[in-house]
Amino acid sequence: MSKLGFIGLGIMGAPMAAHLIKAGHEVFLTTRSKVPADLLTGQAVACASAQEVAEKADIIFMMLPDTPDVQKVLFGDKGVAAGLKGKGKGKTVVDMSSISPMDTKEFATKINALGADYLDAPVSGGEVGAKAASLTIMVGGPDTAFERVKPLFELMGKNITLVGGNGDGQTCKVANQIIVALNIAAVGEALLFASKAGADPAKVRQALMGGFAASRILEVHGERMIKRTFNPGFRIGLHQKDLGLALAGARTLGVALPQTASAAQLMQVCSANGMQDLDHSALVRALELMANHEVAKA
């Protein structure tokens, strides 16, 4: 059994860490607030800081909200880098957050300088996938580090791909978030159109699920739009952050992402109306506000 660390025990991190604990590993835990009591089973140990986690664990996982959070946990006071100083050789830092690909490359270089390997391994699948250990995991980093950590990834996910070098995992996640956002917007527009025209959106969705328009987004998020179940699996605020990464990257690369920009604006409408903590399927609410019509009643 490995000595593992897990930093960030929120809506995604807590169930992911639980799978590692259940498998019998010794897991050192820390998070911004208090470590959930239900995780302190088996060989799980609560730690006072990220530095302590890095000192005690051989493989350190992070699941944090945004780029500044990762930077602070890695290089801030009592951070991971402090725990690796003089002890980094043979250790691996695995960032499973969704953050800037450009900053990820810089973080990897700094961690490598302390003797440790670095993997960026963002995930897709939301809270449901985290709980079911069915996440898609997109990995950037060296082959040897990937092979070392892969058995642990397999405890948390199903579709695990080494995309390329450091930063490529994050680039893949940004691409994923573009596709998901545009599909949510498309499903929202289709169901709004059908509902406003007088058709039953539930029946329209049922019919579309048997044709070429069928998708996982239509299946899961279309149902949320109809049933008005917007409790978060993945919050609008976080998806907004990811689209911001896409648009910032596009400016750097000199490419246009017009549909991504449109989806980002729809999410901004939701945030401006206090809906940033709703599930990203609630993007449909921006379309409904403009149409003065709801897809369905709660």
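Let's start with the parts list: the chain holds 13 helices and nine strands. Keep in mind that this is a predicted model. How compact is the chain? Its radius of gyration is 20 Å, close to the 19 Å that the globule rule gives for 298 residues, so the chain is as compact as a globular protein of that length. If you lay the C-alpha trace along its principal axes, it spans about 65 × 45 × 35 Å.

Now zoom in on a pair of strands. Strand β8 covers residues 135-140 and strand β9 covers residues 157-164; the two run parallel, joined by six bridges. To find your place in this pairing, look for Val-139, which stands opposite Leu-162 in β9. And how does the chain get from β8 to β9? It goes through helix α7, residues 143-156, and this β-α-β crossover is right-handed.

Just further along the sequence comes helix α8, residues 168-196, and it is worth following because it gives us two helix contacts to look at.

Take the contact with helix α11 to begin with. Helix α11 is made of residues 236-253, and α8 packs against it at an angle of about 115°, the axes being 9 Å apart. The crossing of α8 past α11 is left-handed. On the α8 side you'll find Lys-173, Val-174, Gln-177, Ile-178, Val-180 and Ala-181, and these meet His-239, Asp-242, Leu-243, Leu-245 and Ala-246 in α11. What sort of residues make up this contact? Seven are nonpolar, two are polar and two are charged.

Next up is helix α13, residues 284-291, which packs with α8 at an angle of about 40°, again with axes 9 Å apart. Here α8 makes a right-handed crossing. From α8, the residues involved are Ala-185, Gly-188, Glu-189, Leu-192 and Lys-196, while α13 brings in Val-284, Leu-287, Glu-288 and Ala-291. Sorted by class, the contact of α8 with α13 has five nonpolar residues, one polar and three charged.

So, to retrace the route: parallel strands β8 and β9, the right-handed crossover through α7, and then α8 with its left-handed crossing of α11 and its right-handed crossing of α13.

Note on methods:
Residues numbered from 1 in each chain as written. Predicted model: local features only at pLDDT ≥ 70, side-chain atom pairs only at ≥ 80, totals over all residues. Heavy atoms only, no water. Axes fitted to C-alpha atoms, helices over the stretch in contact; angles between N-to-C directions. Helix = DSSP H or I, 4+ residues; strand = E, 2+ residues; numbered from the N terminus. Left-handed = near helix turned anticlockwise from the far one by under 90°. Contact = heavy atoms within 4.5 Å. Nonpolar A, V, L, I, M, F, W, Y, C, P; charged D, E, K, R; others polar. Pairing = 2+ DSSP bridges. Right-handed = clockwise from strand over helix to strand, strands pointing away. Rg over C-alpha atoms; globule rule 2.2 N^0.38 Å.
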